[in-house]
Amino acid sequence: MEKNLKIYNLYYEWWKNIDKLIFSLIVLLFIIGLFFSLVSTSLIASDKLNTNDYSFFFKHLIFIFLGVIVIFTFSSINQKRLFKFSFFLFFISLFFLFLVPLIGVEVKGSQRWIDFYLLPRFQPIEIVKPFLIVSISLILSSEKYSNLYLKYFLTLTITLIVVLFLVLQPDLGQTLLVLLSWSVLIFTSGISIVFLLILFLISIIAISYLVIFVPKFGYIKNRLLSFFDKEMGTYNFQSDKAIESIISGSFFGKGIGEGTLKNRVPEAHTDYIISVISEEFGVIAIILILLLFLIFIYSVFKKVYFENEERVKLILVGCMSLILMQVIIHVGVNIRLFPTTGMTLPYISYGGSSIISVSILSGIILNLTKRKIN
């Protein structure tokens with residue numbers, strides 16, 4: 001009886017202090033993702049064909065359940081413990097990222113996943129990203145180092161280590177995302193815009209050299225060339241089909257189960273989920289989803305405005321910038337604004353690593369936006 005009372009008090013205190021609007025938006029986005037996972041893995045088609053294969057949906061449901069546990073864990077612990085825990089988990093996840101080129105599973109020419117047989121296959125970079133944001137923010141806001149440029153150097157060193165492991169995979173999309181996240185954080189911390197532009201140019205030159213002259217990155221070069229030259233159909237197929245699906249769906253869509261993109265394009269339920277949704281439910285559904293993301297981002301940034309602690313501000317800005325950039329890249333790829341990158345849509349796309357990653361981010365956000373107890 002006493003144990004049950006303690007559990008009840010724990011849940012009550014957690015619920016009383018978290019930001020209800022932010023939590024509701026996170027839950028709503030997950031529910032939308034679960035629903036579209038059911039749709040994009042051919043629920044209606046499987047019924048018509050009498051196959052009754054709902055394995056993707058049930059896997060998605062299990063990962064969301066695990067994600068809820070992750071959210072509760074990270075949002076309920078003490079802030080000081082959260083920061084120490086994040087540092088520790090960053091180095092653990094970085095070790096797994098280091099293992100990818102050594103024992104990683106290769107899929108479609110890229111070695112990005114680890115499979116331990118007893119555990120589900122996962123993508124270490126998805127776990128690294130949230131803790132990288134926290135680690136960089138804590139270094140930039142640390143009072144131990146008074147020299148700001150030393151802080152920039154330390155955070156850049158950590159970021160480049162992550163980038164090096166990503167380059168070995170190779171994974172250009174996540175590399176750019178990590179570099180952009182670091183840029184947002186140091187810009188927010190007050191770096192000179194000139195210094196930031198110089199670093200940006202150096203990064204562009206380095207990436208261009210890798211893509212043009214290193215054979216391992218030849219597929220990226222071909223993908224970029226095909227983006228500007230539609231005659232190279234091999235690399236345009238998925239993007240062209242995605243655009244066709246969005247156009248055919250028009251404003252209100254073809255109707256649930258009537259879309260064909262999920263059966264024509266591999267991994268449509270991850271990399272092209274926006275196109276799948278648009279084809280069946282119309283552009284109006286995409287507008288509503290993007291509106292939810294905008295309300296979510298605005299709600300968190302409003303908290304940042306009233307926050308006094310520098311490290312909390314940086315972490316919240318970093319977490320929301322990471323989510324925002326992933327949304328922009330995912331939507332941009334689907335409407336052929338950017339070359340194909342294999343970027344999932346946070347909360348919505350199918351994928352265990354992506355769900356756990358965004359759950360960690362959500363837990364951190366809820367922790368740092370909850371009501372302060374005096």
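## Cavities, core and selected residues

A search of the whole structure, which is a predicted model, turns up three cavities of 30 Å³ or more. We will begin with the largest of them, move on to the protein as a whole, and then visit the nonpolar core and a handful of individual residues.

**The largest cavity.** The space inside the largest cavity comes to about 60 Å³. If you would like to find this cavity on screen, its lining is made of Glu126, Leu322, Ile323, Gln326, Pro346, Ser354, Ser357, Val358 and Leu361. Sorted by class, five lining residues are nonpolar, three are polar and one is charged. Helices α15 and α16 (352-369) each supply at least two residues of this lining. Which helix gives the most to the lining of the largest cavity? The answer is α16, with four residues.

**The protein as a whole.** Stepping back, the secondary structure consists of 16 helices and two strands. The protein has 374 residues, and buried residues make up 51% of them. Contacts also reach far along the chain: among those between residues at least 6 apart in sequence, 71% join residues at least 24 apart. On the outside, the accessible surface comes to about 18800 Å², with 70% of this surface belonging to carbon and sulfur atoms.

**The largest nonpolar core.** In soluble globular proteins, nonpolar side chains tend to be buried together. Here, the largest nonpolar core has 94 residues, and the members that touch the most other members are Val162, Phe296 and Tyr347. Helix α15 (residues 310-334) gives the most to this core, contributing 14 residues.

Phe296 is a good place to look around. Leaving aside residues up to four places away in sequence, Phe296 touches Ile22, Leu25, Ile26, Leu29, Met320, Ile323, Tyr347 and Ile365. Two of these names appear elsewhere in the report: Ile323 is in the lining of the largest cavity, and Tyr347 is among the core members that touch the most others.

Tyr347 itself sits in the loop between α15 and α16. Is Tyr347 buried or exposed? With a relative accessibility of 1%, Tyr347 counts as buried, because the cut-off for buried is under 20%. Its backbone deserves a look as well. Most residues other than glycine have a negative phi. The phi of Tyr347, however, is near 75 degrees, a positive value in a residue other than glycine.

**Buried residues in helices.** Three more buried residues can be viewed together with their neighbours. The table gives their helices, relative accessibilities and contacts, not counting residues up to four places away in sequence.

| Residue | Helix | Relative accessible area | Touches |
|---|---|---|---|
| His60 | α4 | 0% | Gly33, Leu34, Ser37, Ile348, Ser349, Tyr350 and Ile355 |
| Ser137 | α6 (residues 124-140) | 0% | Leu185, Arg311, Leu314 and Ile315 |
| Thr369 | α16 | 3% | Asp19, Ile22, Lys303 and Leu316 |

Some of these contacts link back to parts already visited. Ser137 touches Arg311, Leu314 and Ile315, which fall within the residue range 310-334 of α15. Thr369 touches Ile22, a residue that Phe296 also touches. Thr369 can be placed in space in another way too: its C-alpha atom is 9.9 Å from that of Lys313, 56 residues apart along the chain.

**Two partly exposed residues.** To finish, here are two residues that are not fully covered. Leu61 is found in helix α4 (residues 55-76), the helix that also holds His60. While His60 is buried, Leu61 is partly exposed, with a relative accessible area of 37%. The C-alpha atoms of Leu61 and Leu38 are separated by 9.7 Å, with these positions 23 residues apart along the chain numbering.

The other residue is Ser203, which lies in helix α9 (residues 193-213). Its relative accessible area is 24%, so Ser203 is partly exposed. From C-alpha to C-alpha, Ser203 and Leu176 are 9.4 Å apart in space, and the two are 27 residues apart in sequence.

Note on methods:
Residues are numbered from 1 along each chain as its sequence is written. This is a predicted model: local features need pLDDT of at least 70, side-chain atom pairs count only at pLDDT 80 or more; totals for chains, interfaces and linings use all residues. Side-chain values use heavy atoms; hydrogens and water are left out. A nonpolar core is a set of buried Ala, Val, Leu, Ile, Met, Phe, Trp, Tyr and Cys residues joined through side-chain atoms within 4.5 Å. Buried means under 20% relative accessible area, exposed over 50%, partly exposed in between (1.4 Å probe, protein chains only). Contact means heavy atoms within 4.5 Å. On a 1 Å grid over the protein atoms alone, a cavity is a set of points where a 1.4 Å probe fits but cannot get out, and a pocket is an open set with protein on both sides within 12 Å along at least five of seven lines; lining residues have an atom within 4 Å of a point. Grid points are joined across faces, edges and corners, and a volume is the space filled by probe spheres set on the points. Ala, Val, Leu, Ile, Met, Phe, Trp, Tyr, Cys and Pro count as nonpolar, Asp, Glu, Lys and Arg as charged, and the others, Gly among them, as polar. Accessible areas come from the Shrake-Rupley method with a 1.4 Å probe; for residues, only the protein chains shown count as cover.
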